[in-house]
Amino acid sequence: MGRYVLRRLLQMIPVFIGTTFLIFVMVHALGDPVNALFGDRAPDPAVAAQIRAQYNLNDPLWLQYVKYMGKLFQWDFGTTFSGQTVTSQLAAAYPVTLKLTAVAFTIEVVFGIGLGLLSGLRRGRIADNSVLILTLVVISIPTFVTGYVLQYLVGVKWGILPATVGFDVTFQSLLLPGIVLASVSLAYVARLTRTTVAENTKADYVRTAVAKGLPRHRVVINHLLRNSLIPVVTFLGTDLGALMGGALVTERIFNIHGVGYTLYQGIVRQSTNTVVGFVTILVIIFLLANLLVDLLYAVLDPRIRYA
Amino acid sequence: MSSSSTSAQPREATADTVESPLLEVRDLHVEFRTRDGVAKAVNGVNYSVRAGETLAILGESGSGKSVTAQAVMGILDSPPGFVTGGQIVFKGRDLLTLGKEDRRKVRGSQMAMIFQDALSSLNPVHSVGSQLGEMYRVHKGSSRQDAKAKAIELMDRVRIPAAKARVGDYPHQFSGGMRQRIMIAMALALEPDLIIADEPTTALDVTVQAQVMDLLAELQGEYHMGLILITHDLGVVADVADKIAVMYAGRIVETAPVHELYAKPAHPYTRGLLDSIPRLDQKGQELYAIKGLPPNLLRIPPGCAFNPRCPRAQEICRTTVPPLFEVTDEAGTPRPGRASACHFWKETLDD
């Protein structure tokens, strides 16, 4: 087990280097960041030259990357053109996004698995069909539509929950964006759970559990659900990363100053350091989440052993 | 052989004092309502088992032997399966009239079932210790430690070596024979009055089959349990069963004490089954097989269900369903426990 984890951690190094380099190249391909900084006006050549020198923009791209990575390992993510350090941006944005992700993930797990279980146990009946239709609708509608509609109905028209999130991030204000962010993944989790539950209800060990005279709730939770969750956990693990990075649209709609929002600003202003810094952290989260899923696999299914 | 004679001893002693059987299935009907129509899987089955007695139920796949057992246990997949008639009287109570919760309490504690494929029938993600201990935790409310101690005790009983060290192992870490022992241990856990073993040795190789069968017979004798042994393996039956019921298309077509059935079958189907056993002294000859296929349960042939495959079929077989005739010897005295659902049982017997 220890050796397996070590091997997986070592494997992360080339993946980490590859992804960050790709991001680095792609952000530079967007165009000249100094020109973008000045917008339509032509920059003063002296100022432009100074900025170029300060941000190593005259070096070849690979050297820029090497210099950037060198600083990165000293926890120096560089500064934006406006002089703000990326580290402070990270410190401001990540806690907000983490809270939002936690809310969304909880909703996704509880309602996704709950609805999936309900519908898998009652396959072909009304409850099952309603869940199938509902999840299909949720999957088909883009997030920004559900986002704006819910914001208008729940937040503005009925006034049940706050419509936007201010600087003071409360749990209540994150509830609505959490639902919006979770909705699509929730639908996938529900469908995935439904399929595996429906499949496993016919399994021999479930029949054995019934023959042992166990109460129904014990048969369902201890025997049926435990086995059905293995593929669901895989999905949830990869989705955790996607929720953190993919909250861009939701954070825009609800004015949440989190990762997605800051990243968006960084792309618009072609702030290389912001974009690369944020994505680097996202890459690390993705890799760790995947490792966690693989380790969780072995906990859930004793037939899988890592050596 | 030795195990059957030892287990028969206490039965003889108590046979007079026990007037009502442990389990009596009366005119049981089960059907499966599928998209293609109604499949009549069990059509009026009667049988009974006394404490300490072994009843073997013999038949091809799809003859309704497993479905009958599932109906007795109350684990029929419903829908599509429905019990549409009959009674299942267990220790004086008709199980079919019991509520769901009462029925559940009977399962596992008073009657238990051993399944064919132990690998798929045991939960892959729970240790065998926790699966065995679950019986005590649920039915007796035992604590975790007590349940584990009992699980180790059970594993010792079914002679799993190093039970204490292996109690935390998972089903896939055991061999086929050991897994089936765990199934047996699980069934025995609460010392039930009746055990239903649904082809307990089919998935095992021959040497292990004998060990598992012996163990089952020995434990049955020890606890004085009734045992219903469902099988299509005539060799397994001969050693351990007291009486045999042969099923075909959801009906019992012949019942007999075990040795009489082997010596003189009274139904052409039983005869066919016995003739299908490959024999060493007839090496080189073509193997015998009953011609044709088991009937489609959606369209059971009129008359005797076996008539399209029967070498002895006459006009009457195609029109009239034969009742279970009492089988008598030449002098006309009835043979105890013998019956045959064949219009020509006498001729078959004389063959």
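**Exercise 1. Find how many salt bridges the rule finds across the interface of chain A and chain B, and describe that interface.**

Step 1. Across the interface of chain A and chain B in this predicted model, the rule finds two salt bridges.

Step 2. Take one of them by name. The side chains of A:Arg218 and B:Glu134 form a salt bridge, with 2.8 Å from N to O. The cut-off for such a pair is 4 Å, so a pair at this distance qualifies.

Step 3. Locate the side of chain A that touches chain B. Helices α9 (204–211) and α10 (216–245) of chain A each supply at least two residues of that side.

Step 4. Sort the residues by class. The side of chain A that touches chain B has eight nonpolar, five polar and seven charged residues.

Step 5. Add the polar contacts. Between chain A and chain B there are 14 residue pairs in polar contact, both residues at pLDDT 80 or more.

Step 6. Finish with the extent of the interface. Chain A brings 20 residues to the contact and chain B brings 24 residues. The area buried between the two chains is about 2100 Å², and carbon and sulfur atoms give 57% of that area.

**Exercise 2. State which domains chain A is assigned, and work out what joins them.**

Step 1. Begin with the bounds. In chain A, domain 1 covers 2–72 and domain 2 covers 93–300. Their C-alpha centres lie 33 Å apart.

Step 2. Look at the contact. Here 21 residues of domain 1 of chain A are in contact with 16 residues of domain 2 of chain A. About 1600 Å² is buried between these domains, with 76% given by carbon and sulfur atoms.

Step 3. Search for charged pairs. One salt bridge is found across the interface of domain 1 of chain A and domain 2 of chain A. A:Asp294 forms a salt bridge with A:Arg8, and their closest N and O atoms are 2.4 Å apart.

Step 4. Identify the helices on the domain 1 side. In chain A, α1 (2–29), α2 (33–38) and α4 (61–72) each supply at least two residues of the side of domain 1 that touches domain 2. The most comes from α1(A), with 13 residues.

Step 5. Sort that side by class. The side of domain 1 of chain A that touches domain 2 of chain A consists of 15 nonpolar, four polar and two charged residues.

Step 6. Count the polar contacts. Between domain 1 of chain A and domain 2 of chain A there are two residue pairs in polar contact, both residues at pLDDT 80 or more.

**Exercise 3. Repeat the analysis for the domains that the assignment gives in chain B.**

Step 1. Domain 1 of chain B is made of 1–110 + 193–287, and domain 2 of chain B is 121–189. The centres of these domains, taken over C-alpha atoms, are separated by 25 Å.

Step 2. The contact between them takes 18 residues from domain 1 of chain B and 13 residues from domain 2 of chain B. Together the domains bury about 1300 Å², 64% of it on carbon and sulfur atoms.

Step 3. The count between domain 1 of chain B and domain 2 of chain B is two salt bridges. B:Arg159 forms a salt bridge with B:Glu218, the closest N and O atoms lying 2.6 Å apart.

Step 4. Five residue pairs in polar contact are found across this interface, both residues at pLDDT 80 or more. On the side of domain 1 of chain B that touches domain 2 of chain B, α3 (100–106) and α9 (206–223) of chain B each supply at least two residues. The largest share, nine residues, comes from α9(B).

Step 5. By class, that side of domain 1 of chain B has 10 nonpolar, three polar and five charged residues.

**Exercise 4. Decide where in chain B pLDDT stays under 50.**

Step 1. Take the chain as a whole. Chain B averages a pLDDT of 86, and 95% of the residues score at least 70.

Step 2. Find the stretch. Over residues 1–18 of chain B, pLDDT stays under 50. The model has 15 contacts beyond four places in sequence for these residues.

Step 3. Apply the general caution. Predicted coordinates should not be read in detail where pLDDT is low.

**Exercise 5. Find how many salt bridges the whole structure holds, and follow one along the sequence.**

Step 1. A search over all chains finds 22 salt bridges.

Step 2. Return to the pair of A:Asp294 and A:Arg8, which links distant parts of the chain. A:Asp294 lies in helix α13 (residues 272–300) of chain A and A:Arg8 in helix α1 of chain A, 286 residues apart.

Terms used: Residues numbered from 1 in each chain as written. Chains lettered and ligands numbered in written order. Heavy atoms only, no water. Domains from an automatic or database assignment. Contact = heavy atoms within 4.5 Å. Buried area = accessible area lost by both parts, 1.4 Å probe. Polar contact = N/O pair within 3.5 Å; in protein donor to acceptor, adjacent residues only side chain to side chain. Helix = DSSP H or I, 4+ residues; strand = E, 2+ residues; numbered from the N terminus. Nonpolar A, V, L, I, M, F, W, Y, C, P; charged D, E, K, R; others polar. pLDDT = per-residue confidence, 0-100.
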